[in-house]
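Welcome! Please take a look at the sequence and the 3D structure shown here, and keep them open as you read.

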Amino acid sequence: FLGAGRGFMATLTTHTYDHMHTVQIQDPQQSSIAKRHTTQQCGVWAIWGATASFIAIAFVISPPSLQHPFASPELLEAFRKPSEAAVLNFVAKVGTSLEQAVQQPYLAYSGRELEDHNIDVVAYIVSKSRVLTELQLSGNEIGDQGAMTIANALKGSRMLTTLDMGGNTIGDAGAIAIAEALKFNEGLTTLHLSNNNMGDQGAIAIAKALKGKLTLTYLRLNDNFIEDAGAVAIAEALEGNSVLKICWLDANDIGAEGERALEAVDHSGIDLRF
C-alpha cells in the first residue's frame, strides 16, 4: 500500500515536472528526455506498489500455516538463543555441542535427565535446524512447561517427522499445548506421549487435532490416565481419519463406555489397542 502511494506521488511529480520543463527548458529534445525519465520512474514505483499490495493481501487471507511462523511472542521466545549457562548445562547432559546438534537429522536425548529448563535449548535446536527429522526425548523429567516449550518450536518446524516424549511427567496442560501445535505443523507423522500423566482433557485436545491432522500416522497414548471421555473423543476422531495407522490407548483407565466406543471404530487398516 505504501508503494502504491509512492506511485501516486510520482504521478503528481510527473505533472509538476512537465509544467516546469514547459516553462524553463527551451530545447524540445531535452524536455522530452526529462519527461520520459520521470515517467519511467513513476512506472517502476507503480509496479512496486502493486506488488507490495498483492503480498499484503495474500498474507492477510492466507491460513496460519502459511504465514510467518514467528508471529507470536511464544514463537519468538522459542527461537531466541539460550544463555551460555543454559547451553553448558544442556551439553553436560547430552554430550554434544549446540553447533553439532543443529546439524544432526536424528537426536537421541532419551534418558538424559533433561528437565523443563533444559528444553529451552532443545526448542532452539528444533527452530534452527533445517535437517532434524527425529527427536527422542523419552525417559526424562519433562513436565508440562517443557512440553509447552517444545510445542512452540513444533509450530514453526517443517522438517520434524517424529517426536517421542514418552516416559516423562507431561499432564493435560502439556498435551493440550502439543495438540494445538499439531494444527500448525505440517510434517509430523509420529507422536509418542505414552507413559505420562495425561488425562481426559489432554486426550480430548489431541482428538480434536486428529480431525484436521492428515499427516499423523503413528500415535501412542498408552500408559496414561485417560478415562471414558477421552476414549470416546478419540474414537469419534478416528471415524473420520483414514491416515492414522497405529493408535495405542492400552494401560489407561478406560471403562465400559470408552471401550464400546473404541470397539465400534472400523479397525480395518489401523492397529488400535485399548
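This report visits the nonpolar core, the aromatic pairs and one asparagine. Keep in mind that the model is predicted.

## The nonpolar core

Let's begin inside the protein. In soluble globular proteins, nonpolar side chains tend to be buried together. Here, the largest nonpolar core has 65 residues. Within this core, Tyr109, Leu135, Leu137 and Leu163 touch the most other members. Several helices contribute at least two residues each, among them α4, α6, α7 (144–156) and α10 (228–239).

Leu137 is a good residue to click on. Leaving aside residues up to four places away in sequence, Leu137 touches Tyr109 and Leu163, which are also among the residues that touch the most other core members. Other contacts of Leu137 include Leu114, Val122, Ile142, Ile150 and Met165.

## Two aromatic pairs

How many aromatic pairs does the model have? The count comes to two. In one of them, the ring centres of Phe90 and Tyr109 are 5.4 Å apart and the planes meet at 85°, so this pair is edge-to-face. Phe90 belongs to helix α4 (residues 84–94), while Tyr109 sits in the loop between β1 (106–108) and α6 (119–128). The pair therefore links distant parts of the chain, 19 residues apart. Phe90 is buried, with 0% relative accessibility, and Tyr109 is buried too, at 3%.

Tyr218 and Trp248 form another pair, with ring centres 6.1 Å apart and planes at 65°, so it is also edge-to-face. Tyr218 is in strand β5 (residues 218–220) and Trp248 is in strand β6 (residues 246–248), so the pair ties together parts that are 30 residues apart in sequence. Are these two residues buried or partly exposed? Tyr218 has a relative accessible area of 21%, so it counts as partly exposed, because buried means under 20%. Trp248, at 15%, is buried.

## A buried asparagine

Now find Asn196, in the loop between β4 (190–192) and α9 (200–210). With 3% relative accessibility, Asn196 counts as buried. What lies 3.1 Å from a polar atom of the Asn196 side chain? The backbone oxygen of Ser194 does.

Beyond residues up to four places away in sequence, Asn196 touches Met165, Gly166, Gly167, Asn168, Thr169 and Ile170, along with Asp223, Asn224 and Phe225. Some of these names may look familiar: Met165, Gly166 and Asn168 are also touched by Leu137.

Technical notes: Residues are numbered from 1 along each chain as its sequence is written. This is a predicted model: local features need pLDDT of at least 70, side-chain atom pairs count only at pLDDT 80 or more; totals for chains, interfaces and linings use all residues. Side-chain values use heavy atoms; hydrogens and water are left out. Helices (H or I, at least four residues) and strands (E, at least two) are DSSP runs, numbered from the N terminus. Buried means under 20% relative accessible area, exposed over 50%, partly exposed in between (1.4 Å probe, protein chains only). A polar contact is a pair of N or O atoms within 3.5 Å; within protein, one must be able to donate a hydrogen and the other to accept it, and residues adjacent in sequence count only if both atoms are side-chain atoms. Contact means heavy atoms within 4.5 Å. Rings of Phe, Tyr and Trp (its six-membered ring) pair if their centres lie within 6.5 Å; planes under 30 degrees apart count as stacked, over 60 as edge-to-face and the rest as tilted. A nonpolar core is a set of buried Ala, Val, Leu, Ile, Met, Phe, Trp, Tyr and Cys residues joined through side-chain atoms within 4.5 Å.
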